[in-house]
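Me: Please take a close look at the charged side chains in this structure and at the helices around them. I would like one connected account rather than a list.

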Amino acid sequence: MSTTTTEKPETPTKSGGINMGGFLRSSLQQVFVFAALIAIYIFFMIFAPNFAQPNIALDIIQQSAYIGVMALGATFVIATGGIDLSSGTGMTLVAVMAGIFMAGDWLNLPTGLGIPLVIAFGAFMGLLNGLNISVLGLPPFIATLAMMMVARGLSLIISGASSITIANPQYKFIASGQIIPGVANAILIFAVLAVVAWVLLNKTLLGRYALAIGSNEEATRLSGVNVKLWKTLVYVTAGIFVAFGAILYSGRFGFVQPAEGVGFELNVIAAVVIGGTSLAGGRANIVGTVVGALIMETLKKGLQMMGIAQEWQLVVTGIVVLIAVFVDILRRKRATAV
């Protein structure tokens, strides 16, 4: 996986070169995020019983896969200066629909047909978010908050507030099977989707325009870019990643609890921000998002193994997010001061 970071477009020097200051800041940011992950891991190796076992590291990566995949999509949204509060309950609704499509008591479609329908449903949810924001002009916070409530309600209505078992072995194999012995497929899918997200952000118009919109939406519009179209596509992309997250989540456990998902969106946003993507938009870091998801899951796992109560786990996680946001604010102040 590449470790290249996408920042605001580097300012060409008078000689046509690259702004070395921006490049160094980008590199230091990546080093800082990796160093934070290593420091947290070493801390728990010392203070959490049995944390140093190799299977714990694999378990952390596997556990972080579905949040990490959704965070990849959220990186594009936050790069535009937007936010998506519907990713958690949206994931649950998509997982419920996966149960409707493929569970034996429902439509019982073959996996090869059900999976594309699940992904299409996730894209449809993203499309609704995108249209509400770009066409109707709703603030992203309000539009996705409403979608969060709609998704939660529909999940309960469709499922009858009961869990849905997806016993389809092919579906479960997607997340919990092992093409490579000892490595769950969820880890491989997470890695592949991270590469796809990196390419989308760094090598395509989608990523370029997402960053441009986040940097200065009006200037981007005046330069001839169809901001409404590209902003909608950003949310469609995020919806597709939410669908993959739903597949990994429900496929691993083989069932869906319609009441779950509330609060997952905060973990998603935290992973993105910890990874160095700016909440103000215009700066995004796919590799940082992956590391941010690993940091979140490492904290959760380590604190659990230390026997820390769940309420204190939330306190610690919240403090980490506050630090990440504070660092982002400092970084923006320094950038504007240059």
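What follows goes through the pairs of opposite charge, then turns to the helices beside them.

Reply: The model is predicted. Side chains of opposite charge can pair when their charged atoms come close. A search of the whole structure turns up 4 salt bridges.

One of them joins K301 and D59, with N and O 2.7 Å apart. This pair connects distant parts of the chain, since K301 sits in helix α12 and D59 in helix α2, 242 residues apart. Both K301 and D59 are buried. The pair also has a third partner: a network of salt bridges links D59, R252 and K301.

Helix α12, which runs over residues 286-305, also holds E297. E297 is buried too, yet it has no salt bridge. The nearest side chain of opposite charge is that of K300, 4.5 Å away. A salt bridge requires the nitrogen and the carboxyl oxygen to be within 4 Å, so a separation of 4.5 Å leaves E297 and K300 unpaired. Leaving aside residues up to four places away in sequence, E297 touches I60, Q63 and S64.

A second pair consists of E217 and K231, whose closest N and O atoms are 3.1 Å apart. This pair also links distant parts of the chain: E217 belongs to helix α9 and K231 to helix α10, 14 residues apart. The two partners differ in how they are covered. With a relative accessible area of 36%, E217 is partly exposed, whereas K231, at 12%, is buried. The cut-off for buried is under 20%, so the 12% of K231 falls below it.

Helix α9 has another salt bridge, between the side chains of E218 and R221, at 2.5 Å from N to O. E218 and R221 are 3 residues apart in α9, which means that about one helical turn separates them. Both count as partly exposed: E218 has a relative accessibility of 42%, and R221 has a relative accessible area of 46%.

Next comes helix α8, residues 205-215. Its buried residues are L206, G207, A210, L211, I213 and G214. They lie on the same side of α8, because they cover an arc of only 160 degrees around the axis. The cover over these residues includes α2, α7, α9 and α10. Three of these have already come up: α2 carries D59, while α9 carries E217 and α10 carries K231.

Helix α10 also packs against α3. Two packed helices are described by the angle between their axes and the distance between the axes. For α3 and α10, the angle is about 65 degrees and the axes are 8 Å apart. Their crossing is right-handed. On the α3 side, S87, G90, M91, V94 and A95 take part, and they meet V242, A243, G245, A246, Y249 and S250 in α10.

Another residue of α3, which spans 87-102, is L93. L93 counts as buried because its relative accessibility is 3%. Not counting residues up to four places away in sequence, L93 touches F121, M125, A151, L154, S155 and I158. The C-alpha atoms of L93 and G153 are separated by 8.9 Å, although the two residues are 60 places apart along the chain.

Conventions: Residues are numbered from 1 along each chain as its sequence is written. This is a predicted model: local features need pLDDT of at least 70, side-chain atom pairs count only at pLDDT 80 or more; totals for chains, interfaces and linings use all residues. Side-chain values use heavy atoms; hydrogens and water are left out. Helices (H or I, at least four residues) and strands (E, at least two) are DSSP runs, numbered from the N terminus. Buried means under 20% relative accessible area, exposed over 50%, partly exposed in between (1.4 Å probe, protein chains only). Lys and Arg count as positive and Asp and Glu as negative; His and the chain ends are not counted. Contact means heavy atoms within 4.5 Å. The arc is that of the directions from the helix axis to the C-beta atoms. Axes are lines fitted to C-alpha atoms, for helices over the stretch in contact, and angles run from 0 to 180 degrees between N-to-C directions. A crossing is left-handed if the near helix is turned anticlockwise from the far one by less than a right angle, and right-handed if clockwise.
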